[in-house]
Amino acid sequence: MIRQMVAFSASFKHKIKEGKLFNIKSKINTIIRYTHLVCAKMDSSRYYDNPFEDYPNPTANALVNASANDINENYKERIGVKTKELLDRLEEKKNHWTHNDDNSMYTGSAGIAYMFYHYGKCFNEPAYIDKSVELLRICIDKFRHKREITFLTGVVGPLTMGAVVFHSQGYRDEAQNAISKVKTLSSLVLNESSDLPDELLYGRAGYLFALLFLNSHISPAPIEDELIKQVIALIIKSGNLYSASRKYKTPLMYMWHGTEYLGGAHGLAGILYLLLQAQQYLTRQQLEKDIKPALQFLKSIRYPSGNFPSSIGSNSDKLIHWCHGAPGMTMLFCLAYKIYQDESYLQIALQCGEVIWARGLLKKGLGICHGVAGNAYSFLSLYQQTKDIKHLYRACQFAEWCMDYGRHQTKSPDRPFSLFEGLAGTIYFLSDMQQPLSAKFPGYSI
């Protein structure tokens with residue numbers, strides 16, 4: 001295809017030189033259209049063409065109830081049945097996800113414990129909460145690297161989740177012990193001379209999530225305001241210093257492993273989203289002089305399609321994942337709209353939704369980090385913000401795709417039963433689909 005495009009362009013230039021083309025503007029537009037077609041065909045190797053008719057359509061009421069602005073009860077029941085079938089499948093394969101030494105939230109046993117707890121709470125199934133308690137105790141005891149400080153990949157995840165689950169079940173001493181260990185790790189987070197990054201998966205934003213999660217799930221709030229404010233201040237200071245060193249037109253920029261990422265997992269969007277979720281701890285200066293201009297910077301570097309680059313300098317409009325691209329940005333700009341009441345933020349989020357509807361049925365799988373279930377959370381975020389049933393309908397169609405688990409992916413993920421790469425994440429999403437107004441992307445939305 002590339003050779004065809006180059007040949008087409010060369011032929012066109014030759015004809016211009018010979019004076020054979022008179023409507024140059026028209027031919028330039030032809031080249032542009034052809035280029036877009038080529039890029040679309042290259043990009044389509046990553047996703048399936050969306051087979052679903054968009055809302056409204058004559059059969060939409062089988063999925064959503066427009067008068068109630070909710071999911072059709074029969075369809076909700078179908079989701080529940082399929083969710084339980086997938087949960088049974090995961091439990092049947094227990095030996096496959098307990099034999100390794102991964103005890104993290106992201107790809108390990110703690111993430112499956114998180115899903116069990118969520119499922120047990122959603123459907124009043126205390127047996128699954130008991131399973132969560134058992135798994136979390138094992139994860140906390142066996143976690144290898146005890147000084148990793150993030151919710152998703154470090155020991156802080158099992159400790160934080162353990163504290164919440166133990167507290168809910170009346171194991172107050174265990175809960176308090178876990179909370180104390182989380183707070184003790186703040187000395188590593190607040191060490192300005194360390195090489196600790198600031199992003200969500202491995203850095204300070206991941207620790208901030210844990211603090212906010214504890215305070216939102218345990219009463220009275222166990223984490224002091226001052227500690228949260230110190231973590232926020234250091235994240236912002238770090239972004240200020242790095243951005244200034246690179247002379248960026250944004251007060252905040254970050255680097256992870258030599259790359260200036262922009263997405264939810266490793267980049268600027270994920271950090272901003274966590275900061276905005278900590279709004280009650282932010283100063284007016286931080287909101288207006290640091291975070292808002294960084295949002296404006298992100299706005300300025302979107303692709304014409306409405307998608308976002310994965311990193312500074314990337315010109316490849318191909319990644320439509322929570323971790324890189326429009327899905328993680330949708331949640332950020334919905335929240336930014338809610339806080340700043342800037343209509344342009346909502347428009348960006350809506351444009352992200354269009355990108356995801358067109359290109360979000362990924363061949364890579366059905367997980368939440370870089371799969372269809374994670375992309376579907378964008379529609380739930382838009383539905384929660386706008387109450388427009390179109391977005392709920394789209395989430396239902398992506399859920400339909402996910403319920404046919406295993407069919408629509410080109411290869412199995414490394415951790416096929418995990419929360420972020422595999423089956424546990426899909427189950428978590430399908431559980432959330434049955435209460436869409438309270439759905440929250442795990443490990444990202446408080």
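Modeller: A residue counts as buried under 20% relative accessible area, as exposed over 50%, and as partly exposed in between (1.4 Å probe, protein chains only). The structure above is a predicted model, in which local features need pLDDT of at least 70 and side-chain atom pairs count only at pLDDT 80 or more, while totals for chains, interfaces and linings use all residues. Residues are numbered from 1 along each chain as its sequence is written, and side-chain values use heavy atoms, with hydrogens and water left out.

Biologist: What makes up the secondary structure of the protein?

Modeller: The protein has 18 helices and two strands. These are DSSP runs numbered from the N terminus: helices are H or I runs of at least four residues, and strands are E runs of at least two. Of the 446 residues in the protein, 55% are buried.

Biologist: How do you know that Glu 354 forms a salt bridge with Arg 394?

Modeller: A salt bridge requires a side-chain nitrogen of Lys or Arg within 4 Å of a carboxyl oxygen of Asp or Glu. The closest N and O atoms of Glu 354 and Arg 394 are 3.1 Å apart, so the pair satisfies the rule. The partners come from distant parts of the chain, with Glu 354 in helix α15 (residues 343–359) and Arg 394 in helix α17, 40 residues apart.

Biologist: Why is Glu 354 called partly exposed?

Modeller: Its relative accessibility is 37%, which falls between the two limits, and therefore Glu 354 is partly exposed. Arg 394 has a relative accessibility of 1%, under the lower limit, so Arg 394 is buried. Through salt bridges that share partners, Asp 54, Glu 354, Lys 390 and Arg 394 form one network.

Biologist: How many salt bridges does the rule give?

Modeller: The count is 18 salt bridges. One of them joins the side chains of Arg 78 and Glu 400, with an N to O distance of 2.6 Å. This pair also connects distant parts of the chain: Arg 78 is in helix α3 (residues 73–92) and Glu 400 in helix α17 (residues 389–403), 322 residues apart.

Biologist: How do you know that the side chains of Glu 85 and Lys 82 meet in a salt bridge?

Modeller: Their N to O distance is 3.2 Å, which lies inside the limit, so the pair qualifies. Both residues lie in helix α3, three residues apart, which is about one turn of the helix.

Biologist: Why is α10 called roughly antiparallel to α11?

Modeller: The axes of helix α10 (residues 204–217) and helix α11 (residues 225–246) come within 10 Å and cross at roughly 155°. Because angles over 145 degrees count as roughly antiparallel (under 35 as roughly parallel, 65 to 115 as roughly perpendicular, the rest as oblique), α10 is roughly antiparallel to α11. The axes are lines fitted to C-alpha atoms, for helices over the stretch in contact, with angles from 0 to 180 degrees between N-to-C directions.

Biologist: What makes α18 largely enclosed by the rest of the structure?

Modeller: All 11 of the 11 residues of α18 are buried, so α18 is largely enclosed. The buried residues include Leu 423, Tyr 428 and Met 433. They pack against β2 (70–71), α3, α5, α16 (372–386) and α17.

Biologist: Why is Ser 109 called buried?

Modeller: Its relative accessible area is 4%, under the lower limit, so Ser 109 is buried. Ser 109 lies in helix α5 (residues 109–122). Leaving aside residues up to four places away in sequence, Ser 109 touches Trp 97, Asp 102, Asn 103, Ser 104, Leu 135 and Cys 139, where contact means heavy atoms within 4.5 Å.

Biologist: Why is Lys 247 called exposed?

Modeller: Its relative accessibility is 71%, over the upper limit, so Lys 247 is exposed. Lys 247 lies in the loop between α11 and α12 (268–277). Its phi is near 60°, a positive value in a residue other than glycine. Most residues other than glycine have a negative phi, and most peptide bonds are trans.

Biologist: Which peptide bond is cis, with omega near 0°?

Modeller: The bond from Ser 219 to Pro 220 is one of these, and Pro 220 lies in the loop between α10 and α11. The bond from Tyr 55 to Pro 56 is also cis, with omega near 0°.
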